[in-house]
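Welcome! Let's read a structure together, one question at a time. Have a look at it here, and then we can begin.

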Amino acid sequence: MTPEDLEASYATLRAVARRLLAGQRGSLEPTALVHEAWIKLSEAGAHFESRTHFVAVSVRTLRQVLVDAARAKHANKRGGARERITLSGLEATPAAPWEVVDVDRALSRLSALDERRGRIAELRVFGGLEQEEIAEALGVSRSTVAREWRQARAWLLAQLEPT
Amino acid sequence: MTREDRLWALFDECLALTPSARDQRLAHEADRDVADEVLRLLRADASPAALSGIAGQALAALVEPPPAIPGFTLLRELGRGGFGTVYLALQHAPSRTVAVKVLRAAQHDASGLERFRLEGDALALLSHPNVPRVFAVGETDGRRWLAMELVRGEGFDVWARPRSLAERLVALETVARAVHAAHLRGVVHRDLKPENVVVTADGAPRVLDFGIARPVGEATPAAGTRAYMSPEQREGRPVDGRADVFALGVMLRELATTPMGLPLRRAPDARSTADSSREGQLLPTDVDRRTTGARTESDDARHADPRPGLATPGPPEATAPAALALAPELASVVRMATAPLEDRYDSAQAFADDLVRFRSRDVVRAHPSTPLYRLRCLVRRNGLGLAAATLVVLSLATAAAVFRAQSLRAERERARADAIRTFLSATLERANPLTGSGPRVTVVEAIDAAARRLDDGSLAPDVEVDLRETLSKTYASLGQEVAAYQQAQKAVALLDRAGGSDDEQRARLLRGSADFGAHAGAVTVALEWLARADVLERHHGRPHLHLAQQGHTRGEVLMDAGRLAEAIAAFEDALTQLEPLWRAGDVETDDYTSVMNQEAAAHGLMGHFEVAQGLYERALELDTKTYGAEHLQVANDLHNLAWLALRRGDAELALERSRQSRRLRVAKLGARHHRLGLLRLVEAEALSVLGRCDDAVRFAREGLSILENAVGAEATRALRGQFTLASVKLACGDVDVLPEVQRATQALASRMGPGQWWVLEGRVVEAEALRARGDLEAAQALARSLVEDLERQLGPDAPLLKRARSAAKDD
């Protein structure tokens with residue numbers, strides 16, 4: 001990776017993370033997490049073909065960091081100490097009754113089944129990209145993204161919420 | 001075309017169609033597998049769930065820094081939820097570990113702040129051992145926070161899993177009392193559920209999350225968890241403490257129908273709960289909780305990876321464990337807790353009291369199959385409103401119906417239940433205050449009216465037997481044992497006339513009513529009934545619970561009648577029946593140890609201290625092993641040991657044991673329970689032996705007053721309590737006790753006959769009082785007249801006999 005690549009990937013990671021946080025409460029700084037993702041990305045020695053490829057790789061890396069961190073947190077909660085601490089007000093936000101690791105798992109299954117729909121969903125869910133940006137990043141038409149995102153979304157929800 | 005391509009294509013095709021056209025299209029699809037999956041996709045497509053927010057939420061959870069709060073060091077995040085984040089924190093002064101709940105920045109809208117303020121207010125107002133304390137509330141850098149006691153323990157649902165029903169009920173009762181304390185301060189919890197109750201290592205439940213608590217009577221949008229939510233709260237109407245009673249009822253149903261070792265059977269949606277309870281369906285239908293939208297940490301623990309439901313979605317019923325049948329007594333409690341508002345328990349306290357009654361088995365032991373506890377909770381000394389009386393009487397009908405369902409074919413049962421219901425409704429009409437004697441109908445009046453109408457003899461014999469059995473138990477639970485006995489007698493006579501159609505019912509009636517007979521003075525009849533029941537049950541040919549119950553009752557009847565040696569033989573017999581059943585796990589340990597304790601008491605009264613000690617200690621050992629050291633049954637055992645220590649002259653040990661027992665009981669029963677009154681009397685006697693007279697007399701008075709409040713001043717236990725108070729006063733130099741003792745003795749004598757040993761106990765105290773007053777001759781004459789009877793009833797070594805002898809001796 002060239003120094004320019006590194007710099008550009010850092011900027012991209014930061015932008016993606018900020019965008020994800022934009023919908024969240026308060027003003028949060030994702031710095032430490034972006035650093036972690038950046039280190040991971042540079043160690044992988046990825047080769048970037050274009051700016052749009054930057055975005056795709058950054059989203060993939062952030063996804064990994066996010067899911068790993070969520071898993072680690074989960075493992076802490078369950079493992080080891082016999083004592084459990086329960087506190088008030090811990091009910092999950094009603095908007096998302098499942099967790100990021102569940103979504104990650106379902107998404108991996110979708111990708112195994114159908115690579116492009118998997119990538120569209122990844123960019124949408126873990127990168128917060130708009131359909132136009134996804135179309136640009138993947139080099140497909142916007143109407144294709146719109147159609148396939150709807151299919152992917154239904155597929156993921158069906159996996160997450162067996163009814 | 002791959003399968004996936006066909007899938008997407010069919011999905012797209014269907015999206016363009018109207019719903020009915022979709023169904024038609026899918027019905028004609030040759031590949032059923034693809035058609036099914038498209039159906040699932042279409043359903044998911046219609047879901048409003050947002051997938052895209054999830055990554056942002058997870059990211060926020062990872063990067064949000066703990067705020068700096070003066071006076072606290074925030075150590076690490078413990079968890080987060082809709083309201084904010086909870087941190088483990090160190091408070092600087094006083095130095096202690098606390099939990100700090102910080103409201104989310106974006107929650108600082110009016111409703112978030114309001115909720116938060118109320119949680120602080122509600123908790124700060126409440127100083128209760130079963131509710132976490134609030135240490136401080138504040139705002140730093142625009143973020144609201146709340147520092148509260150850190151509660152370490154297990155979620156109630158997790159805790160309950162390996163626990164017996166008895167332990168679960170004791171814990172739920174504590175929860176109900178804590179909630180009641182909040183109600184008294186005008187705060188309704190509104191979101192009671194197992195996840196909001198944590199049981200700490202010492203076994204004490206704590207009620208958490210007053211997060212949406214609001215002052216009584218205020219309407220709010222329907223916040224809370226649906227499955228536990230009362231209809232009025234769902235509909236956004238003003239709520240009061242009864243909304244929490246509803247949630248307690250749902251929890252009780254869950255706790256009582258889940259077998260030990262299995263995850264709690266979660267309540268179905270509360271709407272169906274209310275409906276099903278109206279229709280008398282007592283068991284919940286198992287519904288996967290995910291569908292209710294409630295989800296918590298403990299859910300996650302239960303649904304630990306891998307989640308089979310994700311890969312192969314199937315009906316949750318397929319894996320649902322079998323439910324336990326709800327005991328009829330508990331079914332009544334659940335029904336009344338989840339009833340429409342006007343019929344519901346009027347307080348969490350009343351709910352808790354009913355659980356105590358179920359647990360303490362004051363009545364259960366005598367008649368184990370009839371659910372009358374609900375009735376007792378409604379009984380007030382001064383009568384009830386018509387609505388309450390109606391409820392009571394109709395509950396009797398239901399009780400009878402539920403009971404009948406266990407032994408008779410459904411159709412016949414329904415016909416009987418209808419006949420009973422019609423009869424009772426007509427009875428109530430007659431007892432209507434508009435046409436009747438006064439503005440309020442007491443339960444006794446309603447029952448009396450029912451009894452009079454039965455004497456008309458217009459009903460089918462089997463219905464009449466049912467009703468008389470029910471009335472008999474109702475009278476007994478109201479303390480009217482003579483009337484109870486009369487009804488039982490008529491029922492037995494009727495059954496005998498009708499011929500040998502239903503031996504099971506006959507045996508139950510004989511077994512369950514024998515001790516009313518004994519308490520009504522008809523000891524011979526009681527023993528005869530038990531003997532007949534023995535014959536009817538003999539066909540079991542091996543140890544059987546009914547035979548054990550009969551032995552137990554026989555022992556109690558004999559013991560009260562002063563035939564202690566025979567009583568001991570009967571208890572021995574019951575223990576022999578129970579032992580193999582207990583070993584096989586067919587009866588609860590406390591069923592077994594209670595008989596042991598009764599036998600020990602008989603030995604103690606006879607002065608066989610070593611035997612008594614051995615039995616009491618064995619019971620304590622078994623109960624501790626089964627229920628843990630904090631259990632109420634253990635408190636009973638310690639009480640017994642205190643009583644025995646006193647009889648053996650070791651007042652110090654008696655005090656020590658009493659204190660241990662008191663500590664366990666106060667936490668679980670509250671200080672006004674009749675058993676705490678009895679315990680106070682033991683302590684009073686011990687203190688008088690130790691010469692601590694001020695405390696002794698004060699304790700004796702307190703004990704008696706608790707007893708009188710709890711069971712009524714004329715109950716035998718309260719009358720005998722008078723003797724203890726008098727003895728304590730005498731030991732402390734207050735010789736002016738004769739009038740009270742004589743009054744109590746006469747009351748007992750009119751009930752039990754003049755020669756019964758309780759009466760003789762009173763006469764011994766009278767003799768002691770005469771002697772203390774200096775009336776030596778009268779004392780000696782009285783005491784000498786008692787010796788022979790006492791020796792015959794209690795044996796030559798009885799402590800009471802020794803007291804009579806020393807009152808009779810020359811100076």
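Q: Leaving aside neighbours within four places in sequence, which residues is B:Thr624 in contact with?
A: This is a predicted model, in which local features need pLDDT of at least 70, side-chain atom pairs count only at pLDDT 80 or more, and totals for chains, interfaces and linings use all residues. Residues are numbered from 1 along each chain as its sequence is written, while chains are lettered from A and ligands numbered from 1 in the order in which they are written. Two residues are in contact if their C-beta atoms, placed from the backbone, lie within 7 Å. Beyond four places in sequence, the contacts of B:Thr624 are B:Ala629 and B:Val634.

Q: Where is B:Thr624 placed?
A: Helices are DSSP runs of H or I with at least four residues, strands are runs of E with at least two, and both are numbered from the N terminus. B:Thr624 has 17 other C-beta atoms within 10 Å and is partly exposed; a residue is buried with 20 or more such atoms, exposed with 12 or fewer, and partly exposed in between, with C-beta atoms placed from the backbone. The element that holds B:Thr624 is helix H26 (residues 609–627) of chain B.

Q: How far apart in space, C-alpha to C-alpha, are B:Leu74 and B:Ala89?
A: B:Leu74 sits in strand S1 (residues 72–80) of chain B. Leaving aside neighbours within four places in sequence, its contacts include B:Ala89 and B:Val100. In sequence, B:Leu74 and B:Ala89 are 15 residues apart, but in space their C-alpha atoms are separated by 4.2 Å.

Q: Which residue stands opposite B:Ala136 in S5(B)?
A: Strands of a sheet pair through backbone hydrogen bonds, either parallel or antiparallel. Here strand S4 (residues 134–140) and strand S5 (residues 143–149) of chain B run antiparallel and are joined by six bridges; two strands pair if DSSP finds at least two bridges between them. In the hairpin they form, two residues lie between the strands, and B:Asp141 takes a positive phi near 50°. Across from B:Ala136 in S5(B) is B:Ala147.

Q: Which are the edge strands of the open sheet with the order S6-S8-S9 in chain B?
A: This open sheet has three strands with antiparallel pairing. An edge strand pairs on one side only, and here the edge strands are strand S6 (153–155) and strand S9 (205–207) of chain B.

Q: What packs on that sheet, touching S8 and S9 of chain B?
A: S8(B) and S9(B) run antiparallel and are joined by three bridges, with B:Pro205 in S9(B) as the bridge partner of B:Val199. The direction of the packing element makes about 35° with that of S9(B); axes are lines fitted to C-alpha atoms, for helices over the stretch in contact, and angles run from 0 to 180 degrees between N-to-C directions. The element is helix H7 (residues 165–184) of chain B.

Q: Is B:Arg190 buried or exposed?
A: Most residues other than glycine have a negative phi, and most peptide bonds are trans. B:Arg190 is not a glycine, yet has a positive phi of about 75°. Its place is in the loop between strand S7 (187–188) and strand S8 (197–200) of chain B. Because 24 other C-beta atoms lie within 10 Å, B:Arg190 is buried.

Q: Which peptide bond is cis, with omega near -5°?
A: Look in the loop between strand S2 (84–91) and strand S3 (96–103) of chain B, where B:Pro94 has its place. The cis bond runs from B:Ala93 to B:Pro94.

Q: Where does H34(B) bend by about 30°?
A: Helix H34 (residues 776–794) of chain B has 19 residues and should span 27 Å at 1.5 Å a residue, which agrees with its end C-alpha atoms being 25 Å apart; the expected span is 1.5 Å times one less than the number of residues. Its buried residues include B:Leu782, B:Leu786 and B:Leu790, and among the elements covering them is helix H24 (564–583) of chain B. A bend is the angle between axes fitted to the seven residues ending at a residue and the seven starting there. In H34(B), the bend is at B:Val787.

Q: What average pLDDT does chain B have?
A: pLDDT is the predictor's confidence in each residue, from 0 to 100. Over residues 269–321 of chain B it stays under 50. Where pLDDT is low, the predicted coordinates should not be read in detail. In chain B, 73% of the residues score at least 70, and the average is 75.
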